[in-house]
Amino acid sequence: MYTSDIDKLKSSKKCFMVYLAVTVFVLVFGIVYEIFSHGVISLNMLLAFMFPLLLGTLPFGVITFLKKNYYPSPAGSNTYHAGIATLTVGSIMKGVLDIYGTTSSYISVYKYLGLALLVFGVVWSALTAIFKK
Amino acid sequence: MKKYLFGFLFGVLLTAFSVYVILDVFVIVRVYTPVIPENHENVTMEPPSSEPIVTDTSYSDGNISIEITTHRAYKTNIYVADVKLASVGYLKTAFAKDSFGKNITEKTSEMAEEKGALLAINGDFYGTLEKGCVIRNGILYRSTLGNGRDYLVIGKDGSFEIVYEKDIDVDDLVSRGAIHVFSFGPGLILDGEIYSGVDRYQGIGLSDNPRTAIGMIDELHYVFVVCDGRTSESDGLTTRELAQFMKDLGVDCAYNLDGGGSSTMYFNGKIVNKPTTYGDKIKERSVSDIVYIGYR
């Protein structure tokens, strides 16, 4: 195993640990917020943790567990992480507004920007990997 | 360090944007100017034809009769104002600071005093929603649809009608002379029976909470209902419990207005119920609008 491979594995493991912590934090935040919401339920708040779980913890956990030396390029990983952050924050914001009983047209910005960043990150990383070969 | 620069800058931008969204929703005041029809007249009602008889729980003159009763059901204190009017013109609405817009709020009791209201309850808090038809005192203030809610239409004859949003035709409402249209909901009672969509708002309707509702028993005979909640002495109601309570009052058509901390009933210069703010603190909250009974 090359030094660069070990670095990539370390990066994946670090990402896995960070996303695991973020997932737990967002899950606990959502539950605590709901406890004080006087019974008003928002799935956006309760399920916000699914973004870091499904898009961060799980994929980076699999990479780490299988000891694969794959880690996205810096540009790809930066936008991918930004996409997850945007979708997660957007879901929490929507939850806050749901529980208060209000709406904002700006919430769709989180959704579309987050998805765009996510797709860009995946496509860029895939292209980088292909052209490196 | 350079490695984390993108993440840091993106985090700052995301935070700044989120702060702006929060300010836009909860703080920044925006006033909108409605288009008032050329033929619109401000209706001033005739003064009382006889000297009013006023007690702590009732008011009566030749045009308006109000009686307040307190009930206990579902471990909840419920306040009912039974209202009989000589004309629907005495059933009025008002906006906070007399302005239609966003984040413009005032306490129910303050608005009621400014308007000389005999009886007032909080309205539908239209200001928290970006969409939903708003017609008040015959003027169309907002025609945008899209919030998927039930509407209460009060006609020029004083009749109540509950309409689901997909069946709403704003132009038709205007041409038919609807005097008030509320867009909160859900509907509670229709034709004397519990409305089929009473559980439609599962996110807010299934939990015990303070609630405000308005109903029509008969021609020009209405009930304003407010219940307390979130306290040790009063649990609050689900929308279905509220509907059942109003059905038991003999209401023909009833509609749920904004609840929670907004739920307030004002009568004869005093707040009747125990409104909550910041969760369970007994304090009156500021709202966008009120429904009231009065002469001006």
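**Exercise 1. List the residues in contact with L119(B), leaving aside neighbours within four places in sequence, then place L119(B) in its core.**

Solution. Contact means heavy atoms within 4.5 Å. L119(B) contacts I66(B), I68(B), A81(B), V83(B), F224(B), M265(B), Y266(B), F267(B), V291(B), Y292(B) and I293(B). The model is predicted; local features need pLDDT (the predictor's confidence in each residue, from 0 to 100) of at least 70, side-chain atom pairs count only at 80 or more, and totals for chains, interfaces and linings use all residues. Residues are numbered from 1 along each chain as its sequence is written, chains are lettered from A and ligands numbered from 1 in the order written, and side-chain values use heavy atoms, without hydrogens and water.

Next, the core. A nonpolar core is a set of buried (under 20% relative accessible area, 1.4 Å probe, protein chains only) Ala, Val, Leu, Ile, Met, Phe, Trp, Tyr and Cys residues joined through side-chain atoms within 4.5 Å. The largest has 37 residues; I66(B), L91(B), L119(B), Y222(B) and F224(B) touch the most other members. Strand β5 (residues 76–85) of chain B gives the most to this core, four residues.

**Exercise 2. Describe the interface of chain A and chain B.**

Solution. Start with contacts: 23 residues of chain A meet 24 of chain B. Then area: about 2200 Å² is buried (accessible area, 1.4 Å probe, lost on being put together, summed over both), with 65% from carbon and sulfur atoms. In chain A, H38(A), Y100(A) and Y106(A) lose the most area to chain B, together 28% of what that side buries.

**Exercise 3. State where T276(B) sits, and whether it is buried or exposed.**

Solution. T276(B) belongs to strand β22 (residues 276–277) of chain B. Its relative accessible area is 1%, so T276(B) is buried.

Technical notes. Helix = DSSP H or I, 4+ residues; strand = E, 2+ residues; numbered from the N terminus. Buried < 20%, exposed > 50% of the residue type's maximum accessible area, 1.4 Å probe, protein only. Buried area = accessible area lost by both parts, 1.4 Å probe.
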